[in-house]
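Work through the exercises below with the sequence and coordinates open. Each task is followed by a stepwise solution.

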Amino acid sequence: MPGIKYEDFLDLGYTPAESELVCTFHVEPAADMDMEDAASRVASESSNGTWAELQVEGSITDLSATTFSIEGNEVKVAYPDALFEDGSMPQVLSCIAGNIMGMKAVERIRLLDCDWPEPLTTSFPGPQFGSGVRNEIFDAGDRPITATVPKPKVGLSTDQHAQIGYEAWVGGLDLLKDDENLTDQDFNPFADRLTQSLAMRDDAQDETGETKSYLVNITADTNTMLERADMVAEQGCEYVMVDVVTTGWGAVQSVRERCEELGLAIHAHRAMHAAFDRIPTHGVSMRVLAQIARICGVDQLHTGTADLGKLENEDTVGINEWLYSDLYGMNDVLPVASGGLHPGLVAELIDREGTNICIQAGGGVHGHPDGTRAGAAALRQSVDATVAGIPLEEYAEDHPELKVALDKWGTETPR
Ligand code: CAP
Ligand code: MG
């Protein structure tokens, strides 16, 4: 181990052990570097190496990673299990997506995918409910669950916010959702919003006979999030919402632990993910962020609209398939389709993503010409029609709210 050199991290004949974490990177070497050199440095800097040959005395545990495959710009690296602290996502990421992102040896580097081994993966809890929320919390049968976020994102008073929630629930939606930047501001304080929204939720449940719930945004520093989660449970709500990228994964893990005690589901908003995943040749892919979210244990995660909405999406369908896939018995995650959706897009959305999703629309509900309640009804009608196999135009003939929405937005993708 002392005297270790960059080339010691490259072994193209190596077969990873089952217990090793295998990461696939896109690597573009710096102008003065060949691929093998750059790829060895990726394994080195992300495990136990540095730029100098060390002169450390004595025996040291060898925790070197191994670059074992290079195909074009695609590089695969295997990491020994002992490199990682069980159950610590920040530590894992400080290895596999840490210093290497800024190494001068590479012009660009992107963590594309991870093959998670059993020992490391099962040291995390995974989701408590996953897509089971559709029937454990709601009685949704085969249909997607539905949500709406009041708009404008911020600025509504607590009374206005709760009233919009009431209209949306009575109109037919399952979930009211806070926006990612609405937390505990003076115009709409967290505690008041929670209490008032849940009072309206109870009224809407009584009126409709359906279960309704609220994705209340507890995003803050970790201690405050834990206090807010306690308040949410005390007041009889089923969910918390967390902006998982901006809070960081360590905080998400702490919230997940508390939510186990409280029996709360976690809705994960991914605001800021594009800082990592938007440039296709650099950063961390949304696929990997979604893997991390599942392993840390969120129940619902925004994964985009399969290119139907207003925001850039990376392979929504492939990511959703990963979220449903078998992972050592760990629960799955319910994908949330959101960002520029409206009733006219629902049939195509379900065609692309299936029904095991949550459909979230803000502007596509509150922008309905007849207001929020009609917008909510139109969204729910579009879901019911699609699940029943009835074309939206046909269903709209005797569902006026859907008719008005289709007349306004058609089946166009907004920008
Ligand atoms: C959607 C949304 C979500 C985005 C985030 C918004 O509102 O609440 O934050 O969906 O993107 O503020 O834009 P609209 P993603 O329905 O009015 O577009 O789901 O891709 O993470
Ligand atoms: Mg939003």
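**Exercise 1. Cysteines**

How many disulfides does the structure hold? Account for C95 and C296.

Solution. This is a predicted model, so every distance here is read from predicted coordinates.
- Step 1. The count of disulfides is zero.
- Step 2. Recall the chemistry: a disulfide is a covalent bond between the sulfur atoms of two cysteines.
- Step 3. Apply the cut-off: the two sulfur atoms must lie within 2.5 Å.
- Step 4. Take C95. Its closest cysteine sulfur belongs to C23, 9.4 Å away, which is too far for a bond.
- Step 5. Take C296. The nearest cysteine sulfur is that of C114, at 12 Å, and C296 is in no disulfide.
- Step 6. Check exposure. C95 has a relative accessible area of 8% and is buried. C296 is at 0% and is buried too.

**Exercise 2. Strand β5 and its partners**

Describe which way the side chains of β5 point, then find the strands that pair with β5.

Solution.
- Step 1. Strand β5 covers residues 145–148. I145 and A147 point one way, T146 and T148 the other.
- Step 2. Both sets are covered: all four residues are buried.
- Step 3. One partner is β13, residues 358–360. Three bridges join β5 and β13, and the strands run parallel. Within this pair, A147 stands opposite Q360.
- Step 4. Another partner is β6, residues 175–177. Two bridges link β5 and β6, again with parallel strands. Here T148 has L176 as its bridge partner.
- Step 5. Trace the connection. From β5 the chain passes through helix α5 (residues 158–171) to β6, a right-handed β-α-β crossover.

**Exercise 3. The surroundings of T146**

Is T146 buried or exposed? List what T146 touches beyond its sequence neighbours.

Solution.
- Step 1. T146 sits in strand β5.
- Step 2. Its relative accessible area is 0%, so T146 is buried, the cut-off being under 20%.
- Step 3. Leave out residues up to four places away in sequence. The contacts are then G172, L173, D174, L175, I359 and V383.

**Exercise 4. Helix α6**

Compare the expected span of α6 with the distance between its end C-alpha atoms. Then say what covers its buried residues.

Solution.
- Step 1. Helix α6 runs over residues 190–208, which is 19 residues.
- Step 2. At 1.5 Å a residue, the expected span is 27 Å. The end C-alpha atoms are 26 Å apart, which agrees.
- Step 3. The buried residues of α6 are F190, R193, L194, S197, L198, M200, R201 and A204.
- Step 4. The cover includes α5, β6, β7 (213–215) and α7 (222–234).
- Step 5. Look just past the helix. G209 takes a positive phi of about 70 degrees.

**Exercise 5. The magnesium site**

Which residues coordinate the magnesium ion (ligand 2)?

Solution.
- Step 1. The donors are D179 (OD) and E180 (OE), at 2.0 to 2.1 Å.
- Step 2. D179 has 3% relative accessibility and counts as buried.
- Step 3. E180 is at 16% and also counts as buried.

**Exercise 6. An open sheet**

What is the strand order of the five-stranded open sheet, and which strands form its edges?

Solution.
- Step 1. The order is β2-β3-β1-β4-β10, with mixed pairing.
- Step 2. The edge strands are β2 (66–71) and β10 (283–284), each pairing on one side only.
- Step 3. Follow β2 inward. Five bridges join β2 to β3 (residues 74–79), and these two strands run antiparallel. S69 stands opposite K76 in β3.

Definitions and conventions
Residues numbered from 1 in each chain as written. Chains lettered and ligands numbered in written order. Predicted model: local features only at pLDDT ≥ 70, side-chain atom pairs only at ≥ 80, totals over all residues. Heavy atoms only, no water. Buried < 20%, exposed > 50% of the residue type's maximum accessible area, 1.4 Å probe, protein only. Pairing = 2+ DSSP bridges. Right-handed = clockwise from strand over helix to strand, strands pointing away. Expected span 1.5 Å × (residues − 1). Contact = heavy atoms within 4.5 Å. Donors = N, O, S within 2.8 Å, 3.2 Å for Na, K, Ca; no water.
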